[in-house]
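Dear colleague,

I am handing over the structure we spoke about, since you will be looking at it for the first time. Please open it alongside this message and follow the notes below at your own pace.

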Amino acid sequence: MESARQLARVMAANNIELVYGGGTVGLMGEIARTLVSLAGPDAVHGIIPEPLVKFERDPTYTSSTINGSSTGATLAIPEETVFGRTTIVPDMHTRKRLMAQEVAAGGPGSGFIALPGGYGTMEELLEAATWNQLGIQSLGICLLNVNGFYDGLLGWIDKSVEEGFIRPGNASILVSANTPEDAIQALREYKVSESQFKLQWGNE
């Protein structure tokens, strides 16, 4: 949890806002809570699919009840003064699209930082990397490699390059940092791979 709190402190010190998946548990919930406590609720925007609202939350948090659910239900959402603004969307695709669009709107130095996580973290991380490879987006993607958590993934990338599954130039789509300070700097210095596919995607 301390790595999450430290990342929030570094973000607050650099006036960086957080766009995340809207849950209130785990590392991302802790980042949101800490950043709001330091920089106010406008610094955090959570985007969460309606079916996950009752699962990705701490049962002890104070919530606000809103209407407007696509299923006609009344939903409890995190208290804005604790976790920032929350937007409820119908599905996972909408969640990821809106998150990517909002991050891209942040301007130079904006990007994605992945803390240790499970299947959901890996799915979102590798989709962002694939979108970068295909030229759908050119935002930086940094692994916050706490205690070597992502060493295995970095080794897989090296092996994939060796076996010809990933172009050597695209190995740098994912960059790695050991501290929150270095992760922020890595995004600021991020260079788009020269091997990125030059495809036309319209308004993706």
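What follows goes through one strand and its neighbours, then the salt bridges, and then a pair of helices.

Please keep in mind throughout that this is a predicted model.

A good place to begin is strand β7, which covers residues 140-144 and has five of its five residues buried, so the strand is largely enclosed by the rest of the structure. The covering applies to both of its faces, with Gly140, Cys142 and Leu144 buried on one side and Ile141 and Leu143 buried on the other.

On one hand, β7 pairs with strand β6 (residues 111-114) in the parallel sense, over four bridges, and within this pairing Leu143 of β7 is the bridge partner of Ala114. To get from β6 to β7 the chain passes through helix α5 (residues 119-134), and this β-α-β crossover is right-handed. On the other hand, β7 is also joined to strand β8 (residues 174-177), again by four bridges and with the strands running parallel, and here Leu144 stands opposite Ala177 in β8. The connection from β7 to β8 goes through helix α6 (residues 151-162), and this β-α-β crossover is right-handed.

Turning to charged side chains, how many salt bridges does the structure hold? The count is nine, and I describe some of them here. As background, side chains of opposite charge can pair when their charged atoms come close.

Arg5 is a useful residue to follow, and at 28% relative accessibility it counts as partly exposed. It forms a salt bridge with Glu2, in which the closest N and O atoms are 3.6 Å apart; both residues lie in helix α1 (residues 2-13), three residues apart, which is about one turn of the helix. Glu2, for its part, counts as partly exposed at 44% relative accessibility.

Arg5 also forms a salt bridge with Glu30, and there the closest N and O atoms are 3.0 Å apart. Because Arg5 lies in α1 whereas Glu30 lies in helix α2 (residues 26-39), this pair ties together parts that are 25 residues apart in sequence. Glu30 is buried, its relative accessible area being 14%. These pairs belong to a wider arrangement, since a network of salt bridges links Glu2, Arg5, Arg9, Glu30 and Arg33.

Elsewhere, Glu124 forms a salt bridge with Arg95, the closest N and O atoms being 3.9 Å apart. Glu124 lies in α5, the helix already mentioned, and Arg95 in helix α4 (residues 92-104), so the pair ties together parts that are 29 residues apart in sequence. Glu124 is partly exposed, with a relative accessible area of 29%, whereas Arg95 is buried, with a relative accessible area of 4%.

Finally, it is worth returning to α1 and α2, which pack at an angle of about 35° with their axes 8 Å apart, and in which α1 passes α2 in a right-handed crossing. Which residues of α1 meet α2? They are Ala4, Arg5, Leu7, Ala8, Arg9, Met11 and Ala12, and on the α2 side they meet Leu27, Glu30, Ile31, Thr34, Leu35, Leu38 and Ala39. Arg5 and Glu30, which form one of the salt bridges described above, are therefore found again among the residues where these helices meet.

With kind regards

Key
Residues numbered from 1 in each chain as written. Predicted model: local features only at pLDDT ≥ 70, side-chain atom pairs only at ≥ 80, totals over all residues. Heavy atoms only, no water. Buried < 20%, exposed > 50% of the residue type's maximum accessible area, 1.4 Å probe, protein only. Helix = DSSP H or I, 4+ residues; strand = E, 2+ residues; numbered from the N terminus. Pairing = 2+ DSSP bridges. Right-handed = clockwise from strand over helix to strand, strands pointing away. Salt bridge = Lys/Arg side-chain N within 4 Å of Asp/Glu carboxyl O. Axes fitted to C-alpha atoms, helices over the stretch in contact; angles between N-to-C directions. Left-handed = near helix turned anticlockwise from the far one by under 90°. Contact = heavy atoms within 4.5 Å.
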